[in-house]
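Biologist: Could you take a close look at the largest pocket for me? I'd like to know what lines it and what the rest of the chain looks like around it.

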Amino acid sequence: MLQWVKIAASILPMVVSAVQWVEQFVRGESSQAKQDSAVAVIRTLLSISRTTGIESAETLLSDPDTEKIVRQIVDLVVLLENTVAKKRAAA
């Protein structure tokens, strides 16, 4: 269980970075296409970061159940960023 928490903590910054990158550079696409792009970025970051000792995270992401959870985390990060942006705009 602790190993999973460590992996999840390693992935979260990648998810945030991937979402920010996709929101900045992918325009005019559907939410699903943006989510697919974010997951592709996360896969790339995970393959690059094998040298940092979190190679098991990439293996987990290839599992359909885990990928579903990562996609839900992507949606949650997007929702959080949109909510913060709305609050700032209203202030």
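Modeller: Here's a walk through the pocket, followed by the chain that carries it. Keep in mind that this is a predicted model.

Let's start with the space itself: the largest pocket holds about 160 Å³. Its lining is made up of Val 19, Val 22, Glu 23, Ser 31, Lys 34, Gln 35, Ala 38, Val 74, Asp 75 and Val 78. Sort those by class and you get 5 nonpolar, 2 polar and 3 charged residues. If you're thinking about probes, that's a mixed wall, with nonpolar, polar and charged residues in it.

Where does the lining come from? Three helices, α1 (2-25), α2 (31-48) and α4 (64-90), each put in at least two residues. The top contributor is α2, with 4 residues in the lining.

Now step back to the chain. It has 4 helices and 0 strands, and reading from the N terminus the order is simply α-α-α-α. Among the contacts with a separation of 6 or more, 65% join residues 24 or more positions apart. There are 91 residues in the chain, and 26% of them count as buried. On the outside, the accessible surface is about 6200 Å², and carbon and sulfur atoms account for 61% of that.

Back to α1, since there's a bit of aromatic detail there. Searching the whole structure turns up 1 aromatic pair. The partners are Trp 21 and Phe 25, whose ring centres sit 5.3 Å apart with the planes at 45 degrees, so this pair is classed as tilted. The two are 4 residues apart in helix α1, which means about one helical turn separates them. Trp 21 isn't hidden away either: its relative accessible area is 42%, so it counts as partly exposed.

Over on α4, another of the helices that supply the lining, have a look at Glu 67, which is placed in that helix. Despite being a charged residue by class, Glu 67 counts as buried, because its relative accessibility is 18% and the cut-off for buried is under 20%. Glu 67 also gives you a handle on how distant stretches of sequence come together: Val 39 is 28 residues away along the chain, yet the C-alpha to C-alpha distance between them is 8.3 Å.

So, back to your pocket: α1, α2 and α4 each supply part of its lining, and α2 gives the most.

Definitions and conventions:
Residues are numbered from 1 along each chain as its sequence is written. This is a predicted model: local features need pLDDT of at least 70, side-chain atom pairs count only at pLDDT 80 or more; totals for chains, interfaces and linings use all residues. Side-chain values use heavy atoms; hydrogens and water are left out. On a 1 Å grid over the protein atoms alone, a cavity is a set of points where a 1.4 Å probe fits but cannot get out, and a pocket is an open set with protein on both sides within 12 Å along at least five of seven lines; lining residues have an atom within 4 Å of a point. Grid points are joined across faces, edges and corners, and a volume is the space filled by probe spheres set on the points. Rings of Phe, Tyr and Trp (its six-membered ring) pair if their centres lie within 6.5 Å; planes under 30 degrees apart count as stacked, over 60 as edge-to-face and the rest as tilted. Buried means under 20% relative accessible area, exposed over 50%, partly exposed in between (1.4 Å probe, protein chains only). Contact means heavy atoms within 4.5 Å. Accessible areas come from the Shrake-Rupley method with a 1.4 Å probe; for residues, only the protein chains shown count as cover.
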